Amino acid sequence: MDQICFDPMLAYSRPELAVYMRRPGSFTLVAESTIGDANKMLKEEPRILGFIVAEARRRTGHITTIDVLPQSRRSGIGSALLQAAEDRLRQAGAAVVELETAVDNAAAIKFYKRKEYFVEKTIPGYYSNQLDALVMSKDLVVTPVKENSRS
Ligand SMILES: CC(C)(COP(=O)(O)OP(=O)(O)OC[C@H]1O[C@@H](n2cnc3c(N)ncnc32)[C@H](O)[C@@H]1OP(=O)(O)O)[C@@H](O)C(=O)NCCC(=O)NCCS
């Protein structure tokens, strides 16, 4: 699926993704299609529509990749996967979540900005084809604003 979702120069190979998924603190969440009709004689197997791989690194969480099949996009699957991963990272003690995305990935940048991620910096030549990456991050812990006490 990563190879369907990304340019061949950026996509992970199966062994590469397996390494990320098995790293300590790493977890993978999968979005599956639901079985439409419970009374159907031939039950369809649920299909994988998207997945996210993330890693809890002490106080900082990291999104390794998020992939939704092209035909299943813009229906909230990416949002649900990201929200679930952020919740899990927060439970693991992360205060911040970070990720890298290619500078020319306009859809992903819009998606993350919509989810309150900010661009922290650019890493020149981050990808194997020398493309630059944006590092984006989001605070997972919202500090309550103190009200000014009146004298
Ligand atoms: C980025 C990606 C995960 C988004 O998944 P998705 O399921 O389409 O996301 P959602 O439906 O939850 O979108 C939520 C919001 O993000 C924004 N958004 C998502 N895709 C967008 C696009 N192509 N253009 C503009 N805004 C977009 C929109 O504001 C959208 O809300 P709306 O549909 O109500 O307008 C998906 O496009 C994808 O898999 N891309 C290829 C892989 C990739 O680039 N991954 C991220 C880099 S690590």
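**Close-up views of the predicted model**

**View 1. Strand 5 is hardly covered.** Of the 6 residues in strand 5, the count of buried ones is 0. The model shown here and in every other view is predicted. Strand 5 pairs with strand 6 through 5 bridges. The two strands run antiparallel. One bridge to pick out: isoleucine 123 is partnered by alanine 133 of strand 6.

**View 2. Glutamine 130 sits in the loop between strand 5 and strand 6.** Strand 6 spans residues 133-139. The phi of glutamine 130 is positive, about 75°, although this residue is not a glycine. Buried or exposed? Glutamine 130 is exposed. Within 10 Å there are 9 other C-beta atoms.

**View 3. Glutamate 116 also has a positive phi.** The value is about 70°, and glutamate 116 is not a glycine. Where does glutamate 116 lie? Its place is the loop between helix 4 and strand 5 (118-123). Glutamate 116 counts as exposed, because only 11 other C-beta atoms lie within 10 Å, and the cut-off for exposed is 12 or fewer.

**View 4. The chain beyond strand 6 holds valine 142.** Valine 142 belongs to the segment after strand 6. It counts as exposed, with 7 C-beta neighbours inside 10 Å. Take isoleucine 123 as a reference point: its C-alpha atom is separated from that of valine 142 by 27 Å. Along the chain the two residues are 19 apart.

**View 5. The N-terminal part includes helix 2 with arginine 22.** Helix 2 covers residues 14-22, and arginine 22 lies in it. Arginine 22 is exposed, with 9 other C-beta atoms within 10 Å. Its C-alpha atom and that of proline 8 are separated by 23 Å. These two residues are 14 apart along the chain.

**View 6. Helix 3 has a buried side.** Helix 3 has 15 residues. From first C-alpha to last it reaches 21 Å, close to the 21 Å expected at 1.5 Å a residue. Which residues of helix 3 are buried? They are Ile77, Gly78, Leu81, Leu82, Ala85, Glu86 and Leu89. These residues lie on the same side of helix 3, because they cover an arc of only 160° around the axis. The face turned away from the buried side carries the exposed residues Asp87 and Gln91.

**View 7. Several elements cover the buried residues of helix 3.** The cover includes strand 1 (26-32), strand 2 (48-57), strand 3, strand 4 (96-102) and helix 4. After helix 3 comes glycine 93. The phi of glycine 93 is positive, near 100°.

**View 8. Strand 4 has a covered and an uncovered face.** Val97, Leu99 and Thr101 make up the covered face. Val96, Glu98, Glu100 and Ala102 make up the uncovered one. Strand 4 pairs with strand 3 in the parallel sense, over 4 bridges. What stands opposite glutamate 98 of strand 4? The residue is histidine 62.

**View 9. The ligand has 20 residues around it.** Arg73, Gly78, Ser79, Ala107 and Lys110 come nearest. Strand 3 (60-68), helix 3 (77-91) and helix 4 (106-114) each give two or more residues to this shell. Which element gives the largest share? Helix 4 does, with 5 residues. By class, the shell has 8 nonpolar, 7 polar and 5 charged residues. Gly78 links this view to the helix 3 view: it is among the nearest residues to the ligand, and it is one of the buried residues of helix 3.

**View 10. The whole chain, for orientation.** The protein chain has 4 helices and 6 strands. From the N terminus on, the order is α-α-β-β-β-α-β-α-β-β. The C-alpha trace spans about 70 × 45 × 30 Å along its principal axes. Of the 151 residues, 21% count as buried. Among contacts between residues at least 6 apart in sequence, 54% join residues at least 24 apart.

Notes: Residues are numbered from 1 along each chain as its sequence is written. This is a predicted model: local features need pLDDT of at least 70, side-chain atom pairs count only at pLDDT 80 or more; totals for chains, interfaces and linings use all residues. A residue is near a molecule or strand if its C-beta atom, placed from the backbone, lies within 6 Å of it. Ala, Val, Leu, Ile, Met, Phe, Trp, Tyr, Cys and Pro count as nonpolar, Asp, Glu, Lys and Arg as charged, and the others, Gly among them, as polar. A residue is buried if 20 or more other C-beta atoms lie within 10 Å of its own, exposed if 12 or fewer, and partly exposed in between; C-beta atoms are placed from the backbone. Two residues are in contact if their C-beta atoms, placed from the backbone, lie within 7 Å. The expected span of a helix is 1.5 Å times one less than its number of residues. The arc is that of the directions from the helix axis to the C-beta atoms. Two strands pair if DSSP finds at least two bridges between them.
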